[in-house]
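Reader: I am new to reading structures, and I would like a close look at a single part of this one, the surroundings of the ligand. Could you take me through that part slowly and then set it within the chain?

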Amino acid sequence: MSSQYDVIVVGGGPAGYVAAIRAAQLGLKVVCVDAFIGKDGKPALGGTCLNVGCIPSKAMLDSSKQFHNLTHSFKDHGISADNARIDVAQMVGRKDKIVKQFSGGINSLFKSNKVSYVAGFGKLLPNRQVEVTLQDGSSHRLSATNVILAPGSVPIELPFARFDGKYIVDNAGALDFASVPKRLGVIGAGVIGLELGSVWRRLGAEVTVVEALPDFLAAADTDCARLAKREFEKQGIKIMLGAKCSSAAIKGNEVHLGYADKDGDKVLIVDKLLVAVGRRAATTGLLAEGTGVKLDDRGRIEVDAHCWTGAEGVWAVGDCVRGPMLAHKGSEEGIAVAEIIAGKPGHVNLDTVPWVIYTEPELAWVGKTESELKSEGIPYKTGSFPFAAIGRAVAMNETAGMVKVIAHADTDRLLGVHMVGPCVSELIHEAVVAMEFHGSAEDLARICHAHPTLSEAVHEAALAVDKRAIHKAN
Ligand code: NAD
């Protein structure tokens, strides 16, 4: 194996593997070093997103949605089925197959793009050298003109609720339960808690989400968050806000979760506990002395607007640097850095990174919320439109939700678009494109939208900014 490269990428998740492919497309000699070991004990490319995050959770969300529809929604369509049953092993097996297919897909893409792959743990040494420790414990050194660090993130562990893989689990554990837990406790009403809580609720678990903050989904639009919470509660998910957890004791086959809310100390007894209180940059053991790479006060790698660490030829992208911990943000940073290294312009606009929560209804947004604009003193106007007045949504029997468009009060420039409802993970991209092109609410309002489609809600919300929505009172 060669030891001299143009680019070494440390990390084969959506930030790292995309950076490696793009750099190779641009004619550079690239090696990607990745330490992830899959469920079958073999090295697996794709990082958290592909192995234990985005892709497997969407597979499980889809399976559980099919079951929920069969047992709850199909009868409205005149379809009935007796004795609906779940085979959890089959469901998890299907998810594992999808993961394997996509991880193998990255190996093929590496081969076709001539990216070398070393399965091992990479540690940055001074002067753009990387020490790689292989699974058998042996190590060797690689050097390059440029190193891209893309180590990703790991779940934050609470000191009183350590992951044991059996009763107290992280996102990976909650994707692999052998059967539906009767009672599932979730610490943290964030993205992971709500998505995985939804999976097991739809399959019949009693799900209780315990959240320390008083507000639900504080980063989202307040109206969208309120509407989503109401729908989740209708589905039977119990959400306790302003409840801070402080202990978790395993007694017999149960977890006794101690928490305090405004009424004092309480205990919640569950069969499984998912801890989803955020993630931290995976920088443990990544940096040797003297590399010149610095960490910030949250343990993330410090970078400038172009993901440069300040050390010659060393870059960092994805979850390990500032900005949202989202796969697509990491991929864009990986592409930008590869292009900069190859002498081209590369840039990521963090202001137009879309957010999606894949619950039912889905939430999606881009840009600023009303609360952010208020605190920044920016004058704005809004227009919103409910899916209940959209013919396609009614025909689909998925009417919960709305679209809200926020525009500058004086210039009409789009500042944020917020959605909760059916398929909003797809609808949001119209707003992303419009904002990326510095569009206005008027631009969205003047675009012809096909009828009957869900995207008419975006059109009507944009019209509503100027109080001229057609299918609702303004
Ligand atoms: P999160 O930051 O989304 O939510 C964590 C929640 O836990 C917060 O609301 C926080 O207030 C709460 N919390 C923290 N400590 C607590 C305590 N002691 N008791 C009760 N509540 C407590 O984190 P997450 O859900 O773990 O997700 C981690 C990261 O992964 C996020 O940055 C997210 O963006 C990313 N992710 C994204 C997607 C997606 O894009 N759909 C899916 C999964 C994960």
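Author: A good place to begin is helix 6, which gives the most to the shell around the ligand, with 3 residues. Please keep in mind that this is a predicted model, and that the distances and areas below are computed from it.

Helix 6 covers residues 191-202, and the other elements that give two or more residues to this shell are strand 11 (244-251) and strand 17 (355-357). Altogether 22 residues surround the ligand, and the closest are Ile192, Glu195, Glu211, Gly278 and Val356. If you sort the residues of the shell by character, you find 15 nonpolar, 3 polar and 4 charged ones.

Some of these neighbours can be described atom by atom. The side chain of Glu211 has an N or O atom 2.6 Å from an oxygen atom of the ligand. At Ala212 it is the backbone that takes part, with an N or O atom lying 3.1 Å from a nitrogen atom of the ligand. Val356 likewise uses a polar backbone atom, which is 2.8 Å from a nitrogen atom of the ligand. As for cover, the ligand has 850 Å² of accessible area on its own, and the protein covers 79% of that.

Helix 6 also leads us away from the ligand, since it is included, together with helix 2 (47-52) and helix 4 (88-113), in what covers the buried residues of helix 3. Helix 3 runs through residues 54-73, and its buried residues include Met60, Leu61, Ser64 and Phe67. It may help to recall that an α-helix has 3.6 residues a turn, so residues three or four places apart point the same way.

Stepping back to the whole, the protein chain contains 13 helices and 21 strands. Its radius of gyration is 24 Å, close to the 23 Å that the globule rule gives for 474 residues, so the chain is as compact as a globular protein of that length. The C-alpha trace spans about 65 × 60 × 45 Å along its principal axes, and 50% of the 474 residues count as buried. When you consider contacts between residues at least 6 apart in sequence, 62% of them join residues at least 24 apart. Finally, the protein chain exposes about 21,600 Å², of which carbon and sulfur atoms supply 53%.

Note on methods: Residues are numbered from 1 along each chain as its sequence is written. This is a predicted model: local features need pLDDT of at least 70, side-chain atom pairs count only at pLDDT 80 or more; totals for chains, interfaces and linings use all residues. Side-chain values use heavy atoms; hydrogens and water are left out. A residue is near a molecule or strand if one of its heavy atoms lies within 4 Å of it. A polar contact is a pair of N or O atoms within 3.5 Å; within protein, one must be able to donate a hydrogen and the other to accept it, and residues adjacent in sequence count only if both atoms are side-chain atoms. Accessible areas come from the Shrake-Rupley method with a 1.4 Å probe; for residues, only the protein chains shown count as cover. Helices (H or I, at least four residues) and strands (E, at least two) are DSSP runs, numbered from the N terminus. Ala, Val, Leu, Ile, Met, Phe, Trp, Tyr, Cys and Pro count as nonpolar, Asp, Glu, Lys and Arg as charged, and the others, Gly among them, as polar. The radius of gyration is taken over C-alpha atoms; the globule rule is 2.2 Å times the number of residues to the power 0.38. Buried means under 20% relative accessible area, exposed over 50%, partly exposed in between (1.4 Å probe, protein chains only). Contact means heavy atoms within 4.5 Å.
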